[in-house]
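I opened the notebook with a plain aim. I wanted to see how the chains meet and what lies inside.

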Amino acid sequence: MALLSEQDAREIRQQLQALANPVTLVHFTQELGLEYGRETKLLLEELAGLSDKLSLEVYNFLLDKDNAAAYRVDKVPATVIRSAKDCGIRFYGLPSGYEFVNLLDALLAVSRGDSELSETSREKLKALSQPIHLEVFVSPT
Amino acid sequence: MRLAHRLAIESDLITADAIEAAEFPELAEFYGVSAVPTTVINGTPTIRGALPEEAFLEQVLRSVIAATESDAETALSRASRR
């Protein structure tokens, strides 16, 4: 059974028409021991089917260690949202509920390649000289 | 979450992970996450709750400066002990 209802799929398909450039969902998972591993992969497959600009690559976390290391993925399920460039956006876990909205937002922003931050914020970020890793703990509700 | 990802798009030096707390309970516990959203910056839980853009960025940048200063202090106190 599909995770996205027909109506959801219709609405998402419409939103994804705004995708400017191709976006790839790079997904790392494993067959066993993941509570929502199967659902996460299924959801991404359904999502990727809703736009020609969206593609999905699936890697086995345990077997594709080189790719996991290249993307600095250290836990699963993991989903990298990238365009031609990897701008450092990752989702760990099943992006359901409000997190699904955030996933769509990230897809569209990555596709545009525009953060839409204020001019002031952009200026402040230009002065940054060292790497920052943000881990935001969220819940689907 | 949206803001963290936007910062990552804007700056090549920033990476942003959204982590489902319930699916990674050990990591959430390690960081002492008791409510969501909680933002961990370079390994230090820093922002609890959601903030508007300006305040969020301020916290992110301040935490980096604080870390640099504490490194400098450590280096200084090491040097003065010599």
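My entries below go from the interface to a helix pair and then to the cores.

**Entry: the interface.** I noted that this is a predicted model. I looked up the contact between the chains. It takes 46 residues from chain A and 42 residues from chain B. Chain A and chain B bury about 4300 Å² between them. Of that area, 58% is on carbon and sulfur atoms. Which residues of chain A lose the most area to chain B? I found Leu134(A), Val136(A) and Phe137(A), together 20% of what that side buries.

**Entry: a helix pair.** I turned to helix 5 of chain A (residues 119–126) and helix 3 of chain B (residues 53–81). Their axes come within 10 Å and cross at roughly 10°. Angles under 35 degrees count as roughly parallel, so I logged helix 5 of chain A and helix 3 of chain B as roughly parallel to each other. From helix 5 of chain A, I listed Ser121(A), Lys124(A) and Leu125(A). They meet Glu53(B), Leu57(B), Glu58(B) and Leu61(B) in helix 3 of chain B. By class, this contact has 3 nonpolar, 1 polar and 3 charged residues.

**Entry: the cores.** I checked the largest nonpolar core, which has 49 residues. Its largest share, 8 residues, comes from helix 4 of chain A (residues 98–112). Among the residues with the most contacts inside this core are Leu16(A), Leu107(A), Leu134(A) and Leu7(B). I followed Leu7(B). Leaving aside neighbours within four places in sequence, Leu7(B) is in contact with residues including Leu117(A), Leu125(A), Leu134(A), Phe56(B) and Leu57(B). Apart from the largest core lies another, of 19 residues. Phe28(A), Tyr59(A), Ala21(B) and Val33(B) are among them.

Note on methods. Residues numbered from 1 in each chain as written. Chains lettered and ligands numbered in written order. Predicted model: local features only at pLDDT ≥ 70, side-chain atom pairs only at ≥ 80, totals over all residues. Heavy atoms only, no water. Axes fitted to C-alpha atoms, helices over the stretch in contact; angles between N-to-C directions. Helix = DSSP H or I, 4+ residues; strand = E, 2+ residues; numbered from the N terminus. Parallel < 35°, antiparallel > 145°, perpendicular 65-115°, else oblique. Contact = heavy atoms within 4.5 Å. Nonpolar A, V, L, I, M, F, W, Y, C, P; charged D, E, K, R; others polar. Core = buried A, V, L, I, M, F, W, Y, C linked by side-chain atoms within 4.5 Å. Buried < 20%, exposed > 50% of the residue type's maximum accessible area, 1.4 Å probe, protein only. Buried area = accessible area lost by both parts, 1.4 Å probe.
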